[in-house]
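Thank you all for coming; I would like to spend a few minutes on charged pairs and then on helix packing. Please have a look at the model first, and then we can go through it together.

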Amino acid sequence: MQRYLARRLLITVPILLGITVLSYLILSLTPGDPVQMLIDPNATQADLEIRRRELGLNDPIAVRYVKWLGEVLRGNLGYSFSTGAPVARRIGERVLPTLTLTVTALVLSYAVAVPVGMVAATRRYTWVDYVATFVAFLGISLPTFFLGLAGIYIFALRLRWLPVGGTQTLGGDGGLLDALHHLVLPATVLAAAGAGALTRYVRSSMLEVLGQDYVRTAHAKGLAERLVVRRHALRNALIPVVTLAGLQIPALLAGAVITEQVFEWPGMGRLTIEAINQRDYPVLMGITLITAVFVALGNLLADITYSVVDPRIRYD
Amino acid sequence: MTSAISAAVTTRGARLDRPQSYWTLAARRFLRHRVAVAGLAVLAAIAAMAVLAGVLAPHNPTAIDATAFRAAPSAVHPLGTDSVGRDVLSRLVYASRVSLSVGLLAVTMYVVIGTAVGAAAAYHGGTVDLVLSRLMDIVLSFPPLIIILFAVSVFGRPSLWNVILVLGLLGWPPVARLVRGQVLALRQQEFVHAARAMGAGDVRLILRHLLPNAMAPVLVAATFGTANAILIEAALSFLGLGVQPPTPSWGNMLTDAQSLTVLEQMPWLWVPPGFMILLSVLVINFVGDGLRDALDPSLKL
């Protein structure tokens, strides 16, 4: 177990390094110099000179990459083309709204997928299963922006139950209830695709477990169906499903870009679109780098949880 | 096996069942999956619509009717007109070409790359495998939509071909992983050793013996991948970073609906294209589901 963990951590290091190399190469393709982007545009002329010499703009590309990486590791992601503010700060301001949205969506998708997938599996090939499967496919196939627009049309414009966008009412009291009121629709829209995929996964994982001998034994000794399903089968069926949370990160972040755009949600996704429209490459780079690191760490987390929650797994 | 023999014995004298190939059996299993068959039929209809767009569309999709901007559905324009005065139904019909070509071309591209990389990694093993596998991990770490947004903004004006190229060049790692796993498992099988003993070279071994046997899950992944590529193209075009007007795409037809006026008062502008995206992605996913059940039910895709 410890050897596995150590090895898994060691694999993550070259992946993270590879992510930075690839990021640097992409950044080199953009107009402007990646190292130049690290220099505060608001500094005095003398400071600019010193920084330029420090960072060595004329070094070979490998040397410049190493210097760039050194700065990035110290938290200097460069300065925004459009506002001149440090990229780390611009992104930092947007992290919390995105985190709120994605985590709520993740929790929501599990809250729907686990019971629905479980029921679909225990009543395989009945109308319950067919309806659940169809709805799951619908969730996977609905374009996020169309679902979002339809949600706004129905719940905000027609029924007037929910606000059309934003995180709180302008000039409101900024209370928790108001924030939740604004969160419902975007989080549900973002959760839809993940919930569909997860439901399919819970169902197939559950079916696999239900066919095993120990489940038959539990039935044979006269345990109530409910107990067999919940206490014996579900627990084991959920092992691979729980670890999927880490693997959901890329889909959630991509979905957040569109959801935030549709709902005018001031998070990293909306910042991405702003940065693209303004050709603000340092900001775009910062977002790409940070999301890639998140995804790599998510994968690591998924593997570790897997080995922790399932002691049967041996990696030798 | 036993049942096949006993069946042959009991039917002695009667018609002997000819041995059936894997693909015949798979086709039979697929045809039993009613939802998948229905999906395939709808998909064929959408493809026919794309091919026959010139005949089916009542108007030129880019022609502007100066007498009707954002006009409600009428006899002349069955689904109304858009903000510039173009016929929505004609644009809807022509846009199927964009979605299907993005799906087909991008996925073909990354299946070819992914198959080559995966086969190379598994066949050569050792350092080659290590390097290629880490490369897959690295590329997989970048959320596709975000890296595509970046690429589209770097490589100049967004267009249909940029979207296809970027999707095709970035989509290969999952396919490579799949092929690698399959080839690793197949490499140890006896028919491969036998082929090698008979003097088959690397290329022949890979192309003739390993890849054909590894292709079933790739076909399933490619089908789901096509649905996904259509969704990504639609999202990019919706954001204004994919196919550019006046060329119609279901995604860019929804761009106008970001204005609340259009959203609230002109549903004919955004409901039909949204529905078409949903329909085509849904039926392709159904076909993928049927293929998975028919080819390899143990696959988790």
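Let me begin with a question: with which residue does B:Arg86 form a salt bridge? The partner is B:Asp82, and the closest N and O atoms of this salt bridge are 3.1 Å apart. Please keep in mind, here and throughout, that this is a predicted model. As for the surroundings of this pair, B:Arg86 has a relative accessible area of 10% and is therefore buried, and B:Asp82, at 9% relative accessibility, counts as buried too.

Over all chains the count comes to 17 salt bridges, and I would like to pick out two in chain A. In one of them the side chains of A:Asp303 and A:Arg8 meet, at 2.6 Å from N to O. This pair links distant parts of the chain, with A:Asp303 in helix 12 of chain A (residues 281–309) and A:Arg8 in helix 1 of chain A (residues 2–29), 295 residues apart. A:Arg8 counts as buried because its relative accessibility is 12%, whereas A:Asp303, at 28%, counts as partly exposed.

The other salt bridge joins the side chains of A:Glu274 and A:Arg94, at 3.1 Å from N to O. This pair, too, links distant parts of the chain, 180 residues apart, since A:Glu274 lies in helix 11 of chain A (residues 268–277) and A:Arg94 in helix 4 of chain A. Here A:Glu274 is partly exposed, with a relative accessible area of 26%, while A:Arg94 is buried, with 14%.

Turning to the helices, I will take helix 5 of chain A, residues 127–141, which has 15 residues and reaches 21 Å from its first C-alpha to its last, close to the 21 Å expected at 1.5 Å a residue. Its buried residues include A:Val128, A:Asp129, A:Ala132 and A:Phe137. The buried residues of this helix pack against helix 4 and helix 7 of chain A, together with helix 11 and helix 14 of chain B.

Finally, in chain B, the axes of helix 2 (residues 22–32) and helix 3 (residues 34–51) come within 5 Å and cross at roughly 90 degrees. That crossing angle makes helix 2 of chain B roughly perpendicular to helix 3 of chain B. The contact is made by B:Phe30, B:Leu31 and B:Arg32 of helix 2 and by B:Arg34, B:Ala36, B:Val37 and B:Leu40 of helix 3. These contact residues divide into 5 nonpolar, no polar and 2 charged.

How values were computed
Residues are numbered from 1 along each chain as its sequence is written. Chains are lettered from A and ligands numbered from 1 in the order in which they are written. This is a predicted model: local features need pLDDT of at least 70, side-chain atom pairs count only at pLDDT 80 or more; totals for chains, interfaces and linings use all residues. Side-chain values use heavy atoms; hydrogens and water are left out. Axes are lines fitted to C-alpha atoms, for helices over the stretch in contact, and angles run from 0 to 180 degrees between N-to-C directions. Helices (H or I, at least four residues) and strands (E, at least two) are DSSP runs, numbered from the N terminus. Angles under 35 degrees count as roughly parallel, over 145 as roughly antiparallel, 65 to 115 as roughly perpendicular and the rest as oblique. Contact means heavy atoms within 4.5 Å. Ala, Val, Leu, Ile, Met, Phe, Trp, Tyr, Cys and Pro count as nonpolar, Asp, Glu, Lys and Arg as charged, and the others, Gly among them, as polar. The expected span of a helix is 1.5 Å times one less than its number of residues. Buried means under 20% relative accessible area, exposed over 50%, partly exposed in between (1.4 Å probe, protein chains only). A salt bridge is a side-chain nitrogen of Lys or Arg within 4 Å of a carboxyl oxygen of Asp or Glu.
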